[in-house]
Structures are given as structure tokens and as C-alpha cells.
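Hi there,

Here is the structure I promised to pass on to you. Have a look at it first, and then read on for what turned up in it.

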Amino acid sequence: MARFDVVIVGGGIIGLAAAREILTRQPGTSLAVVDKEPTIGEHQTGHNSGVIHSGIYYAPGSLKARLCTAGARLMYEFCESHGVKADSCGKLIVATAEDELPALDDLHRRGTANGVPGLEMIGPAGIAEREPHCTGIRAIWSPVTGIVDFSQVALAIAGDVAQLGGVILTGHPVTGLTVRTGSIAVVTSRGELTATRVLTCAGLSSDRVARLSGAPAEPRIVPFRGDYWQLRPERRHLAQNLIYPVPDPKFPFLGVHFTRRIADGAVWLGPNAVLAFAREGYRRWDVRPGDLARTLGYPGSGAWRASTGAPGWPRCTATFPSGPLSRPASVSSLSLRPPTSSPGRRGCGPNRSPTMASWWTTSASTSRAGSSCTSATRPRPPRRLAWRSPR
Ligand SMILES: Cc1cc2nc3c(=O)[nH]c(=O)nc-3n(C[C@H](O)[C@H](O)[C@H](O)COP(=O)(O)OP(=O)(O)OC[C@H]3O[C@@H](n4cnc5c(N)ncnc54)[C@H](O)[C@@H]3O)c2cc1C
């Protein structure tokens with residue numbers, strides 16, 4: 001039975017970063033990171049929008065605001081020192097209607113109070129200068145928001161962990177945590193580890209792993225899946241970098257946005273948020289009856305729905321092949337002008353749509369995404385997403 005000072009459950013970016021920090025602060029600590037999957041970063045860490053957020057959205061003075069602002073700076077420094085490609089390409093949050101302006105002003109106030117560097121409020125000309133195919137009446141320009149591949153970041157962090165003497169054990173699902181006198185037994189499907197301290201960073205399974213250690217059943221994770229579309233390669237120029245709508249404060253989502261992917265220059269459009277029928281089920285038809293029954297039977301799901309009028313529930317069906325994925329209101333608040341227009345094909349189609357998943361608790365978010373490609377029916381154009389394909 002292997003013995004460690006610290007065992008971390010979960011080899012996503014959080015577990016790995018925690019391991020690196022512990023080993024940096026306390027050199028010589030014997031530490032293991034255990035993950036159930038065959039490789040690290042298989043869930044949320046490997047399936048997200050790949051955006052380095054600058055800290056605009058969070059309430060001034062909150063921990064999230066401080067961590068996000070400082071974290072963005074540290075992320076760029078880490079990428080620089082570890083040879084991970086990151087691009088501080090900047091981001092626009094665009095208002096296209098007068099009634100969005102108070103929320104946009106509020107975001108600007110928040111971002112400024114949070115110390116986000118270089119924030120600017122710009123008008124239509126400034127929008128056109130940065131995103132020639134985007135129109136809006138006003139926008140926030142955040143020059144330090146950027147893009148990165150968080151899988152690459154996780155790999156680089158794992159490299160540091162190994163160099164600092166940590167052990168990473170993949171393919172080790174943790175099935176039990178038993179507190180004994182002076183130690184904790186971490187039971188995995190491949191044997192038992194003993195640790196003086198255990199830190200759990202299990203992402204989508206955090207509630208389940210917490211329960212293994214005797215924690216209460218609440219809060220519980222309610223799974224949501226987010227789907228992304230991508231622009232066809234010949235239309236990638238329509239969105240140069242990052243274009244976001246003004247978010248609806250009722251939801252813990254930033255709204256469907258355009259994101260340039262750093263790995264291949266693809267432009268993704270998403271995510272939406274629909275109730276998922278399986279945890280870690282990234283395809284539309286992934287269903288685990290046990291997961292679904294637990295979600296539907298959980299009073300917190302209904303409470304969240306009631307408090308938000310959550311469109312996620314009706315969207316369970318809206319994203320299936322016959323429904324337009326890009327219907328969410330947040331997408332339709334962006335208006336893209338085509339460089340040329342012609343009748344016929346749509347500019348935004350699911351030639352291949354990576355599918356992502358996210359899981360939100362009723363109060364806060366935790367999540368993860370997997371990626372698969374579907375080639376469904378051609379979508380109807382989103383309302384007011386006015387473009388047509390160039391010939
Ligand atoms: C759709 C979407 C888009 C996002 N976009 C962005 C973005 O643009 N920018 C940004 O900063 N953040 C974004 N996020 C959030 C970000 O991806 C997450 O906050 C982050 O990846 C969380 O990392 P984690 O390590 O906590 O979780 P995960 O990466 O999910 O890692 C948890 C790990 O725990 C392991 N595990 C679980 N149970 C067990 C068990 N019993 N035994 C052993 N191992 C176990 C899992 O295998 C997994 O590897 C997005 C999230 C989603 C869902």
C-alpha cells in the first residue's frame with residue numbers, strides 16, 4: 001500500500017495546479033494525484049471555450065473577482081515561461097439594443113473596479129475597427145482577455161508536478177475515502193493509497209466524491225450540457241477573436257459567444273446550456289437513467305428552474321437535430337454583417353459541431369466538457385444573426 005503525505009483526487013487543471021502549489025510551497029512533500037481517466041484533463045479542463053477571462057463579470061471585492069484578475073496575469077506568465085501558446089487577443093462584449101446598455105455600463109463599472117487593465121467603452125466605429133463584421137450600438141473592449149488551450153496548460157502543470165517529485169496516477173477511479181487514526185485510506189479500483197491529507201478536486205463528480213468522505217448530500221450537481229457550433233473555415237474571418245453578448249444576469253452563463261480556438265484557428269459559437277441526461281455525457285443521446293432520475297428527482301433542480309424560469313429545460317429538445325442550436329437569445333443579440341451576400345446557404349452551420357458539457361450546482365457552477373462531433377441537419381439561422389454565405 002503506497003503512502004503519501006497528500007493525495008489529490010482529480011487530475012483536472014484544479015487538482016494539478018493545487019499539486020504544483022503544494023509541492024512548490026512544501027518541497028519534499030510526498031504527493032500523488034489520482035484520476036479515474038486514462039489521461040489527465042479529460043473532462044472540463046479539456047472541454048471548454050479556452051478563454052482566459054480578465055475579471056470583468058464578478059462583484060467587486062469578491063474572491064472570484066480577485067482570483068480572476070490575478071489569475072489571468074499568472075496564466076499568461078505561466079504560458080510564457082512554459083512555452084504554452086496563449087494569445088491576449090482581446091474581447092468585445094457587444095450591446096445591440098438600448099435596453100442592454102444599463103447592464104453593459106454595470107459590467108464596465110465592475111471591470112474597472114476589479115482592476116481589469118485597459119477596459120474601454122467603445123461605439124460602433126470602435127467595434128467595426130476590431131471586428132469588421134460585427135455591429136452594435138456600444139461595446140466593452142477588454143484587451144487582456146485571451147485564448148489558450150487549457151489541455152496544454154494542464155500538461156505543462158503536470159510536467160512541473162512530476163519534476164517536483166509528485167506522482168500522477170491515471171486510470172485510478174477513487175471509490176472510497178475512509179478516515180482512520182492519523183491517516184486516510186483512499187480506495188481506488190486498483191488498490192489502496194494512504195494519505196495524511198486528501199484534497200478532492202473532482203469537478204463534475206465533486207458531490208459524489210465529497211459524499212465518499214462522509215460529506216452531506218447537499219449541494220448536488222445538476223448536469224447541463226453546452227453545445228458549440230463552428231463557422232465553416234471559409235467564414236472564419238467573420239469573427240476575428242472573441243465576441244460576447246451582454247449576459248442575462250439571471251443565469252450563471254456568459255451567453256453564447258464567438259471564440260477563436262488557439263490550436264487551429266477555428267471559430268466556435270456556443271455554448272448553450274441544456275439539461276444533460278448523463279454526467280460526462282457529451283453527446284446529445286448520451287443517457288444514463290440513474291443520472292437522469294437523480295436530476296429530475298432533485299428538488300434543487302426545480303428550485304433553480306423556478307427562480308430563473310430556466311430556458312435550459314425546454315432547450316433539452318430544442319438542441320436536438322430538428323431544432324436550431326443557435327436559438328438562444330444571447331446569440332441573436334449579435335448582428336453580423338456579411339461581406340457579400342447571396343441567397344442560399346447559411347454562414348453558420350454544423351459542419352461539425354463539438355459538443356461540450358457543463359454542470360452547474362444550484363448555487364454555483366462546477367463543470368466539465370467532452371467533445372464529440374455531430375453532423376446534424378442544417379440549422380435555421382438564428383434570429384437577427386443576419387448573414388448569408390459569400391458565394
Ligand atoms: C462549456 C464550458 C466552457 C468553459 N469555458 C471556460 C473558459 O473559456 N475559460 C475558463 O477559464 N473556464 C471555462 N470553463 C470552466 C473550466 O473549464 C473549469 O472551471 C475547469 O476546467 C475546472 O477544472 P477541474 O479540475 O475542477 O475539473 P475537471 O477538469 O473536470 O477535472 C476533474 C477531474 O476529476 C476526475 N475525477 C472525478 N471523479 C473521480 C473519482 N471518483 N476518482 C478519480 N478521479 C475522479 C475526473 O476524471 C477529472 O479529470 C468552462 C466550462 C465549461 C463546462
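A good place to start is Asp87, whose bridge partner in strand 9 is Ile147. Please keep in mind that this is a predicted model. Asp87 belongs to strand 4 (86–87), and strand 4 is joined by two bridges to strand 9 (residues 146–148), the two running antiparallel. They are part of an open sheet of three strands, in the order 3-9-4, with antiparallel pairing. Strand 3 (51–52) and strand 4 are the edge strands here, each pairing on one side only.

The second spot to visit is strand 16 (residues 242–245), which is covered on both faces. Leu242 and Tyr244 are buried on one side, and Ile243 and Pro245 are buried on the other. Strand 16 pairs with strand 5 (residues 91–95) in the parallel sense, over four bridges; within this pairing, Leu92 stands opposite Ile243. Strand 16 also runs antiparallel to strand 17 (residues 257–260), to which two bridges join it. There, Thr259 in strand 17 is the bridge partner of Leu242. As general background, the strands of a sheet pair through backbone hydrogen bonds, in either a parallel or an antiparallel way.

Finally, the chain as a whole. It has ten helices and 23 strands, and 45% of its 391 residues count as buried. If you take the contacts between residues at least 6 apart in sequence, 74% of them join residues at least 24 apart.

Enjoy exploring it!

Best wishes

Note on methods: Residues numbered from 1 in each chain as written. Predicted model: local features only at pLDDT ≥ 70, side-chain atom pairs only at ≥ 80, totals over all residues. Pairing = 2+ DSSP bridges. Buried ≥ 20, exposed ≤ 12 C-beta atoms within 10 Å, placed from the backbone. Contact = placed C-beta atoms within 7 Å.
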